[in-house]
Amino acid sequence: MRTLSIAAVLMLLVCTVLADDKQLTPRESFEKFVDVVMREDMTEADRAAAFESYFDFETWLGEREKSDGKTYGESERADMKRDWLDLFRSAEFRDSWRKRKVRVLEEPKADRESGKAELLISMTGSAGTEEKFRVLMTLAEDGSHWRWYSIPQIEAELPAASLAERLENAEKQLDEVIKQRRRLEAFEQALQEDISRMRAELAEEGAGDSPYATPKSVVETAWRAIEKGDATALLDCHTTRRIAAAKTDELKASLAGTRERLMAWEVVDSTIDASDAARAVVRVKLKLQQTGEADQRTISVRVVKVGDNWKIDEEP
């Protein structure tokens, strides 16, 4: 077995000490971090240790707490740190940085006294264009290297839009507002219909046996009165002001004419106003006799709630 000379051993020790004492620049530190990201031959433990060395989690957390206006507990801190390490160790993170071709563009002079430094880097964006970022860094406690904690993007300054471009943009925004308004109006209409239907169903449930208990029951009572030719019963289904305005002789004549032509009737449904739970509309399907084919139609009857009773709010 070949042995090393004393001189060779001393030289090896000197080189090792010099390597350990080397103070990495911010650029060298960040490039070491990028190298760790790209490597696929590291153990999970070594990768985690490298990220721990080159990522300043505590400073990142301090900035996060400032922006969120709160202090996180030990359990939350541990979860956040674990999330970071899981991200760094993931193949998706490695593939993303490889595709984006991370490059250091500039290295402003670091301030070792304050322990602050930054780099200017670029990455290839999704559209293939160059995107620039600042890498904010702090000096490690032993002063041997730098650790990054934030990589904010530098927004490119766009040229001022021309009048034609501003007009086109305003027109597009107006079109979007109109489309959104139509969507909201359709949604509002659907909600109103649902509310009206559910209110009507609720009003019909367990309302009792009173002929005026629900919108449908008062209209059914009115049409039974028409079938019988009972003007008094018909008037009882109406509001006080409608009764007061009715003329008895005209009502009896109209009732007789309708009764003579009436072949069949059916209350179809009722809807209660979405904005006023004391108003409803009841639809009635009629079949009336006439010369030739029967006259079939569906009418809408307005009703209102007066106290505990529903009454028809139309001329009898």
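**Exercise 1. Find out which elements the buried residues of helix 5 pack against.**

Step 1. Start with the ground rules: this is a predicted model, where local features need pLDDT of at least 70, side-chain atom pairs count only at pLDDT 80 or more, and totals for chains, interfaces and linings use all residues. Residues are numbered from 1 along each chain as its sequence is written, and side-chain values use heavy atoms, with hydrogens and water left out.

Step 2. Locate the helix. Helix 5 covers residues 74–89. Helices here are DSSP runs of H or I with at least four residues, strands are runs of E with at least two, and both are numbered from the N terminus.

Step 3. Pick out its buried residues, where buried means under 20% relative accessible area, exposed means over 50%, and partly exposed lies in between (1.4 Å probe, protein chains only). In helix 5 these are Met-80, Trp-84, Leu-85 and Phe-88. They sit on the same side of helix 5, because their arc around the axis is only 135 degrees; that arc is taken from the directions from the helix axis to the C-beta atoms. Flip to the other side of helix 5 and you meet Ser-75 and Asp-83, both exposed.

Step 4. Look for the partners, with contact meaning heavy atoms within 4.5 Å. The buried residues of helix 5 pack against helix 2 (26–38), helix 3 (44–54), helix 4 (57–68), helix 6 (91–100) and strand 4 (146–150).

**Exercise 2. Check whether the length of helix 5 agrees or disagrees with its residue count.**

Step 1. The expected span is 1.5 Å times one less than the number of residues.

Step 2. Helix 5 has 16 residues, so it should span 22 Å.

Step 3. The end C-alpha atoms of helix 5 are 23 Å apart, which agrees.

**Exercise 3. Describe the surroundings of Arg-89.**

Step 1. Arg-89 belongs to helix 5. Its relative accessibility is 27%, so Arg-89 counts as partly exposed.

Step 2. Skip the neighbours within four places in sequence, and Arg-89 is in contact with Glu-44, Arg-47, Ala-48, Phe-51 and Arg-94. Take Phe-51: 38 residues separate it from Arg-89 in sequence, yet their C-alpha atoms are 8.9 Å apart.

Step 3. Check the side chain for a polar contact (a pair of N or O atoms within 3.5 Å; within protein, one must be able to donate a hydrogen and the other to accept it, and residues adjacent in sequence count only if both atoms are side-chain atoms). The side chain of Arg-89 makes one with the side chain of Asp-86, at 2.9 Å.

**Exercise 4. Work out which residues of helix 4 are buried, and what they pack against.**

Step 1. The buried residues of helix 4 include Phe-57, Trp-60, Leu-61 and Glu-65. Their arc of only 135 degrees around the axis puts them on the same side of helix 4.

Step 2. Lys-66 and Ser-67 are exposed, on the face turned away from the buried side of helix 4.

Step 3. The packing partners of the buried residues are helix 5 and strand 4.

Step 4. Just after helix 4 comes Gly-69, with a positive phi near 65 degrees.

**Exercise 5. Trace the pairings of strand 3.**

Step 1. Two strands pair if DSSP finds at least two bridges between them.

Step 2. Strand 3 (residues 130–139) runs antiparallel to strand 2 (residues 116–124), with nine bridges between them. Arg-134 of strand 3 is the bridge partner of Leu-120. Five residues lie between these strands in their hairpin, and Gly-128 in the turn has a positive phi of about 85 degrees.

Step 3. Strand 3 also pairs antiparallel with strand 4, over four bridges, and Leu-139 stands opposite Trp-146 there.

Step 4. Two bridges join strand 3 to strand 5 (residues 153–154), again antiparallel. Phe-133 has Gln-153 as its bridge partner in strand 5.

**Exercise 6. Decide where confidence is lowest and where it is highest.**

Step 1. Use pLDDT, the predictor's confidence in each residue, from 0 to 100. The chain has a mean of 86, and 91% of its residues reach 70 or more.

Step 2. The lowest confidence is in helix 1 (residues 6–21), with a mean of 34, and the highest is in strand 9 (residues 309–312), at 95.

Step 3. Over residues 1–21 pLDDT stays under 50, and the model has one contact beyond four places in sequence for them. Where pLDDT is low, don't read the predicted coordinates in detail.
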